[in-house]
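Please open the structure in your viewer and keep the selection panel at hand. The tour below goes from one selection to the next and says what to look for at each stop.

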Amino acid sequence: MSELSRVRDRITFLYLNHAKLNRQDSAIMVSDNRGTVFVPVAIVSILLLGPGVDITHRAMELIGDAGMGAVWVGEQGVRQYAHGRSLNHSSRLLQAQARLVSNKRTRVAVARKMYQMRFPDDDVSELSMQELRGKEGSRVRGVYRMQSQKTRVRWSRREYNPDNFEAGTPINKALTAAHQALYGLSYSVIVALGASAGLGFVHTGHDLSFVYDFADLYKAEFSIPIAFQIAAKYGHDKDIGSKTRLAMRDAFANGKLLVRMVKDLKSILGVTETDISVDVINLWDDKMGLQKFGVQYHEFEEDDGA
């Protein structure tokens, strides 16, 4: 068991593996071969449940009652298998994402913002989507060449068969495993914060479109160099995929990537810290705007005879 990181204020992720989770009063009881600790549900926002976790129905009942999020993941988030309710009881981030992606002007603006994160020294504010894709393609090819020269791993092009992992070259297998690990952590952060994995700004038409958008921000720093390092060291190892995932797992923890991802996601969607943390339910009205929840509205309602 290890606490990944306190992200910001009330947004706290706790990663657990190889442990039994039960409930005692208002706390999650976590037991492993080292003993037992109690985690008050009030201090944790998201549980990342890794390999070997055995959780009881009573523990899940408490998690649900407390509004805590739960995501079933691989080691340190290198896989995303399933998730429960997000930590946000507010739908503000999801609404912001839907609003931005539904308007051509704002969608392009968000896409430019994501590309700008990759080109901090260049002005991309006037570039078209086609120009941005070309610029990004050139950058990624340059990253591949640089890593090939640095690690002395031979590189020709990116190619892989999604239905036959073993058919790829060692470097392509390492890249596939590394990118998949990055997708796993990206997916976990997106759903944990209550955004949609399917509403992408650059990628589209897939239920993981935004996962691919988001993960692309970190490939040049994490998955590509790690894949080349592993290919250089274990190029002929049949377990190169597993070794790559382990290296990505360590990089996630050591690089505090989860912390960055939370900050970057909210920045991309233009949602502030305060917006994330507030627990508010409103009623929507097409003429009067947001109205209070929990109030009996009857004065102006027509009598339908009920």
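Begin by selecting Met-129, Leu-132, Glu-136, Val-143, Tyr-144, Gln-147, Ser-148 and Thr-151, which are the buried residues of helix 4 in this predicted model. With these residues still highlighted, add helix 3 (104–118), helix 5 (170–192) and helix 7 (223–234) to the selection, since these are the helices against which the buried residues of helix 4 pack.

Now show helix 4 as a whole, residues 129–151, and follow its 23 residues from one end to the other: the first and last C-alpha atoms lie 33 Å apart, close to the 33 Å expected at 1.5 Å a residue. Just after helix 4, select Arg-152, whose phi is positive, near 65°.

Move next to strand 8, residues 69–73, which is mostly covered, with four of its five residues buried. To see one of its partners, add strand 6 (residues 46–49), which pairs with strand 8 in the parallel sense over four bridges; within this pairing, Leu-49 stands opposite Trp-72 of strand 8.

Keep Trp-72 selected and bring in strand 9, residues 80–83, which runs antiparallel to strand 8 and is joined to it by three bridges. Here the bridge partner of Trp-72 is Ala-82, so labelled views of Leu-49, Trp-72 and Ala-82 will show the bridge partners of Trp-72 in strand 6 and in strand 9.

Finish at the turn of the hairpin that strand 8 and strand 9 form, where six residues lie between the two strands and Gln-76 has a positive phi of about 55°.

Terms used
Residues numbered from 1 in each chain as written. Predicted model: local features only at pLDDT ≥ 70, side-chain atom pairs only at ≥ 80, totals over all residues. Heavy atoms only, no water. Buried < 20%, exposed > 50% of the residue type's maximum accessible area, 1.4 Å probe, protein only. Expected span 1.5 Å × (residues − 1). Contact = heavy atoms within 4.5 Å.
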